[in-house]
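Me: I have this one open and would like to go through it with you, a piece at a time. Could you take my questions as they come?

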Amino acid sequence: MEAIQLAFLVILAMGMPANGQLKTGFYFSSCPKVENIVRSTVASHFNKDPSVAPGLLRLHFHDCFVQGCDGSVMISGSASERTAFANLGLRGFEVIDDAKEQLEALCPGVVSCADILALAARDAVDLSDGPSWSVPTGRRDGRVSLASQVSNLPSPLDSIPVQLQKFAAKGLDDHDLVTLVGAHTIGQTSCRFMSYRLYNFTSTGNSDPTINPSFLSQLQTICPKNDDGSQRIALDKDSQTNFDVSFFKNVRDGNGVLESDQRLWGDQETRRIVQNYAGNIRGLLGFRFDYEFSKAMVKMGAIEVKTGYQGEIRKVCSKVN
């Protein structure tokens, strides 16, 4: 009997992440259809509205940078992370809720919201003609979500040293920074987050001199002076629905939309990384970025994760059990 109990404990331990680590195929026995269900759910929403892809990617990023990748960004409440100004434009919650409802019916209390989000972000990139990768799973859901903790999220106004500092605080380096910002190859932003570059940069009454003059006129047409700033603008002017390296070519050519994106070209070290991705030869026709982005996403997806008996497995992603 003792031998049987010992064998059971060994098998159980094999299915648990060791030393707080995640593992690929964590749900192989407990919920083997998890990845298929998440993929089909994301594809269903994507086919109706491709703009949900950058929404899911951003949702995962915002989750990981506040208390780690624990799904806390999905918790509703009067002072939760979702209510912070930086998170007011987040999208894709309905996709995660849809997948969660299906998984709870099939494998109740097994798959975390944090893992669903990590898988959905991967599938969103893949469906946008980007790379795919194996997502280590085993995250547990956090029980705390506070808007006051969102201040450490990277901002469009951040200088390169501040961006590097915020990424370093999460165990990410300058290469990770440039690579993950490359996610801006899909999606849009609001004029309110960049119109100051067009008309009153640093309170001079002039435009940001780093903007390509021909692109400046395009931006001013989309974002008129004294407008309410609600107009949407593509972060990648050439291919906002395709996951590719044109974002880096835009930064190289002075066509970055956000100030923080364009500043990547003004720093010697981050410029070198941008050049490696933007060049056809150095960038290996986009394969370099695809490979490095996959690695950076796995690295980001492991930030301060809760595993083992930490946290919980939420029944509904928008509220703690």
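Me: Which residues of α4 are buried?

Reply: In this predicted model, the buried residues of α4 are Phe93, Val95, Ile96, Ala99, Lys100, Leu103 and Glu104. They lie on the same side of α4, because the arc they cover around the axis is only 160°.

Me: And which residues are exposed on the other side of α4?

Reply: Glu101 and Ala105 are exposed there, on the other side of α4.

Me: What covers the buried residues of α4?

Reply: The cover includes α2 (34-48), α3 (52-64) and α5 (113-127).

Me: How far apart are the end C-alpha atoms of α4, against what its 14 residues should span?

Reply: The end C-alpha atoms of α4 (residues 93-106) are 20 Å apart, and this agrees with expectation because 14 residues at 1.5 Å a residue should span 20 Å.

Me: Next helix: what about the span of α13?

Reply: For α13, the 14 residues should span 20 Å at 1.5 Å a residue, and the end C-alpha atoms are indeed 20 Å apart, which agrees. Its buried residues are Phe289, Glu292, Phe293, Ser294, Ala296, Met297 and Met300, and these pack against α3, α5, α7, α10 and α12.

Me: You mention α7 there; why would one call α7 largely enclosed by the rest of the structure?

Reply: Because six of the eight residues of α7 are buried, the helix is largely enclosed by the rest of the structure. The buried residues are Asp176, Leu177, Val178, Thr179, Leu180 and Val181, and what covers them includes α6 (160-168), α10, α11, α12 (268-278) and α13 (287-300).

Me: Since α11 came up, where does serine 260 sit, and what does serine 260 touch?

Reply: Serine 260 belongs to helix α11, which runs over residues 259-262, and it counts as buried because its relative accessibility is 7%, under the 20% cut-off. Leaving out residues up to four places away in sequence, serine 260 touches Ser155, Pro156, Asp158 and Gln163.

Me: Switching to annotations: which residues does the "binding site" record with Thr185 cover?

Reply: According to the unreviewed UniProt entry, the "binding site" annotation covers Thr185, Asp236 and Asp244. These residues are spread over 60 residues of sequence but cluster in space, with a largest C-alpha distance of 9.7 Å.

Me: Is threonine 185 buried or exposed?

Reply: Threonine 185 counts as buried because its relative accessibility is 0%, and its place is in the loop between α7 (174-181) and β1 (188-190). Apart from residues up to four places away in sequence, threonine 185 touches Asp236, Ser239, Gln240, Asn242, Phe243, Asp244, Ser246 and Phe247, a list that includes the annotated Asp236 and Asp244.

Me: And aspartate 236, where is that found?

Reply: Aspartate 236 is in the loop between β2 (232-234) and α10 (246-252), and with a relative accessible area of 0% it is buried. With residues up to four places away in sequence not counted, aspartate 236 touches His184, Thr185, Asp244, Ser246, Phe247 and Asn250.

Me: What does the "binding site" annotation with Asp63 cover?

Reply: The unreviewed UniProt entry gives a "binding site" annotation that covers Asp63, Val66, Gly68, Asp70, Ser72 and Glu81. Here the residues are spread over 19 residues of sequence and cluster in space, the largest C-alpha distance being 12.5 Å.

Me: Take valine 66 and aspartate 70 from that group: where are they, and what do they touch?

Reply: Valine 66 lies in the loop between α3 and α4, as does aspartate 70. Valine 66 counts as buried at 1% relative accessibility, and aspartate 70 counts as buried at 0%. Not counting residues up to four places away in sequence, valine 66 touches Ser72, Glu81, Gln149, Val150, Asn152 and Leu153. On the same basis, aspartate 70 is in contact with Asp63, Ala114, Arg140, Asp141, Gly142, Lys306 and Arg314.

Me: Stepping back, how many helices and strands are there in the protein?

Reply: The protein has 13 helices and two strands. Its radius of gyration is 21 Å, close to the 20 Å that the globule rule gives for 321 residues, so the protein is as compact as a globular protein of that length. Along the principal axes, the C-alpha atoms fill a box of roughly 80 × 45 × 35 Å.

Me: What share of the residues is buried?

Reply: Buried residues make up 50% of the 321 residues. Among contacts between residues at least 6 apart in sequence, 74% join residues at least 24 apart.

Methods
Residues numbered from 1 in each chain as written. Predicted model: local features only at pLDDT ≥ 70, side-chain atom pairs only at ≥ 80, totals over all residues. Heavy atoms only, no water. Helix = DSSP H or I, 4+ residues; strand = E, 2+ residues; numbered from the N terminus. Buried < 20%, exposed > 50% of the residue type's maximum accessible area, 1.4 Å probe, protein only. Contact = heavy atoms within 4.5 Å. UniProt positions renumbered as here; feature names shortened; annotations may be inferred. Expected span 1.5 Å × (residues − 1). Arc of directions from axis to C-beta. Rg over C-alpha atoms; globule rule 2.2 N^0.38 Å.
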